[in-house]
Amino acid sequence: MEELTGIPASKGLVIGKALLYLEDAMPEIPRYGIEKARVDYEWRRFLSAVAAITERVRRKVGELSGDGEKDRRDILETQLMMFEDADFHQNVRRGLESRLQNLESIVWDVSQELIRKLSALPGAEFRARTADVSGLAQELLNELLSIRQSSLASLDEAVIVVARDLLPSQALAMNRDFVKGVVTDAGSHLSHTAIIARSCGIPAVMGLSSGSARIKTGDTLVVDGGKGLVLVNPDKETLSLYQRLIKESRTRARLVYSLGGQKAETRDGRLVTLKVNTETPSDLKKALSKGAEGVGLFRSEFIFLSEGRTADEESQYRAYRSMLKAAKGLPVTIRTLDAGGDKMIPALFQGNVDEKNPLLGWRSIRFSLSVPDIFKTQLRAILRASVHGKVRIMFPLISGLAELEQALGFLEEAKAECAANNQPYSGTIPVGIMVEVPSAALIADKLIEKSDFFSIGTNDLIQYTLGVDRGNEKVSYLARPTHPAILRLIKMTIDAAHKQGKPVAMCGEMAGEAALVPLLVGLGLDEFSMNAAGLVDVKRIVRECSFDKCQKLAKKALNCAGPEEVMALLAGGA
Ligand code: PEP
Ligand code: MG
């Protein structure tokens, strides 16, 4: 048995078989000459391999009929288009005829030639396309050489995915019915892939550095996402110990589930609101049954990330409308596009993606404000959907008042455009901002004059305040939400909003950390928004707290010298 430790990225225990997912693991390509008379035979082999793959993909598309499965359906349809691409077919046919080589080597050469051409073009959009071509070649070669493929969207048995790294788009495409755990060499607690794993309730350990080199497909793994522990091929006793722990945690989950219908209220009467961060109606329904009181964060860029391109007004409108309908009258907070940085959508940025410091660059609201057509298309889609429920609009990464005023200006223009088109929208849409840059917290008193609410995005607030790249496992030990600098910025934000009688939410990962609940209640937070897995625990702790004691605890925490001292304080309880 080997024991590997990494960063706890998504809580939960799971036992299962490893599937090593290495995108660049191309099979060995046989290479030999063929007679001219064999060209037709090789060509038919090509066509039947393409037909087998496309039939599999079509079947999969047919199985994904639900509203919430649109993202996965679209990804598969894009794959279909690639396999049926006439130019690609023609190049393979020509290659067979002119070079008289076996089919596998022609498929390989044609795809490599295409990759070379794409890589020579400027811009990351073309580089991203090279990965698509490489995936297409790999899938064809797997089919021709009868190698079992391991696409994360088309799994047919339960696995724990082991990878060097997973992009947010790959994590979004995972077939959740079969991916039972995720283990990656790169990434950290705050990376978007970790956030997606948490929102799907999939245990995950990241930042294992050499996990993918030490684990083989078929190894038995125990993944403890809460401790950041991965056991490879555990002995019998360890295995039965973890089987017992899994059983116990299921029983505990059933017990606390009964809390769903109760209020999130401290023993001495301070009421807070608990909401969920989600983008799919099916996940929202599950969260509502756990007592969520609405959606505190709908990451609208996930629609674009899944599609890999610009989503038009109609498809956005449908996505927002189905969330509002699923919310059954409870509020849904739609955050406008937060693209760029670690959530790059090449098609949207049209090749302008080579930045030295993308996290400090052209991203989020800065990007939206510079592309009025895209921004107003999104705003109109939200406005039109607003008649189907209770929508709240939220602008991300606001760093100063001028940005907020500009965004509000575009919202007014979008309203006028809807009115001119006789498209009705709700007249009472609260508009708020995310506080995720220190400058926003420092001028919260000014920003709140133009906002109906704040929502603190601690993932980015920690990144920008402590100077820690949230996706870098080497410095993730510094990303401490209990750093007093973070607590003081949270306090400033809450105080400024409360002075004007406006509420403050938190939708960063800190809001779902059970151990920090007494501190956040004491700082005066009104609303906690988190992934559905955290809801019941957070509610249980709120109900055990005394607001009075929480306030005293928060006061002490604000004067602590460092995160360790704050954690020691928290261990004393409230
Ligand atoms: C945050 O920064 O805390 C946040 C909720 O936004 P995201 O994680 O999508 O950047
Ligand atoms: Mg953010």
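Modeller: Before we start, a word on terms: exposed means over 50% relative accessible area, buried means under 20%, and partly exposed is in between. The model is predicted.

Colleague: Fine. Is Lys328 buried or exposed, then?

Modeller: Lys328 has a relative accessible area of 68%, which is over 50%, so it counts as exposed.

Colleague: Where does Lys328 lie?

Modeller: Lys328 is in the loop that runs between helix H12 (313-326) and strand S11 (331-335).

Colleague: And what is its phi, for Lys328?

Modeller: About 50 degrees, a positive value, although Lys328 is not a glycine. Leu100 is another non-glycine residue with a positive phi, in its case about 45 degrees.

Colleague: Where does Leu100 lie?

Modeller: In the loop between helix H3 (86-99) and helix H4 (103-120). With a relative accessible area of 29%, Leu100 falls between the two cut-offs and is therefore partly exposed.

Colleague: How many Å separate the C-alpha atoms of Leu100 and Glu113?

Modeller: Their C-alpha atoms are 17 Å apart, for a spacing of 13 residues along the chain.

Colleague: Change of topic: the metal. Which residues are the protein donors of the magnesium ion, ligand 2?

Modeller: Glu436 through OE and Asp460 through OD, at 2.0 to 2.2 Å from the magnesium ion. The two are 24 residues apart and link distant parts of the chain. Glu436 sits in the loop between strand S13 (431-435) and helix H17 (438-442), while Asp460 belongs to helix H19.

Colleague: Is Glu436 buried or exposed?

Modeller: Buried, because its relative accessible area is 2%, under the 20% limit. Asp460 is buried too, with a relative accessible area of 3%.

Colleague: What about cavities? How many of 30 Å³ or more does a search of the whole structure find?

Modeller: The search finds 3. The largest cavity holds about 70 Å³ of space.

Colleague: Which residues lie nearest the centre of the largest cavity?

Modeller: Arg299, Arg335, Met434, Glu436 and Asn459, out of a lining of 15 residues. Strand S10 (295-299) and helix H19 (458-466) are the elements that give two or more residues to that lining. H19 gives the most, with 3 residues. Glu436 thus turns up twice, as a donor of the magnesium ion and in the lining of the largest cavity.

Colleague: How many nonpolar, polar and charged residues does the lining of the largest cavity have?

Modeller: 7 charged, 5 polar and 3 nonpolar.

Colleague: And the second largest cavity, what volume does it have?

Modeller: About 60 Å³. Its lining includes Ile195, Ile196, Arg198 and Ser199, and also Asn277, Glu279, Arg299, Phe302, Glu509, Met530 and Asn531. By class that lining has 4 nonpolar, 3 polar and 4 charged residues.

Colleague: Which helix gives the largest share of the lining of the second largest cavity?

Modeller: Helix H7, residues 192-200, with 4 residues.

Colleague: Why does the second largest cavity lie where it does, relative to the domains?

Modeller: Domain 1 (2-24 + 150-235) and domain 3 (266-570) both give residues to its lining, so the second largest cavity lies between them.

Colleague: Cysteines next. How many disulfides does a search of the whole structure find?

Modeller: The search finds 0. Cys507, for one, is in no disulfide, and the nearest cysteine sulfur, from Cys200, is 18 Å away. Cys550 is in no disulfide either; the nearest cysteine sulfur is that of Cys545, at 3.8 Å.

Colleague: Why no bond for Cys550 at 3.8 Å?

Modeller: A disulfide needs sulfur atoms within 2.5 Å, so the 3.8 Å between the sulfurs of Cys550 and Cys545 does not count.

Colleague: Is Cys550 buried or exposed?

Modeller: Cys550 is buried, at 0% relative accessibility. Cys507 is also buried, at 2%.

Colleague: Last one: where is Val536 found?

Modeller: In helix H22, residues 535-544. Val536 counts as buried at 8% relative accessibility. Its C-alpha is 7.8 Å from that of Gly291, although the two residues are 245 residues apart in sequence.

Conventions: Residues numbered from 1 in each chain as written. Chains lettered and ligands numbered in written order. Predicted model: local features only at pLDDT ≥ 70, side-chain atom pairs only at ≥ 80, totals over all residues. Heavy atoms only, no water. 1 Å grid on protein atoms, 1.4 Å probe; cavity = no way out; pocket = protein on both sides within 12 Å on 5 of 7 lines; lining within 4 Å. Points joined across faces, edges and corners; volume = space filled by probe spheres on them. Nonpolar A, V, L, I, M, F, W, Y, C, P; charged D, E, K, R; others polar. Domains from an automatic or database assignment. Donors = N, O, S within 2.8 Å, 3.2 Å for Na, K, Ca; no water. Buried < 20%, exposed > 50% of the residue type's maximum accessible area, 1.4 Å probe, protein only.
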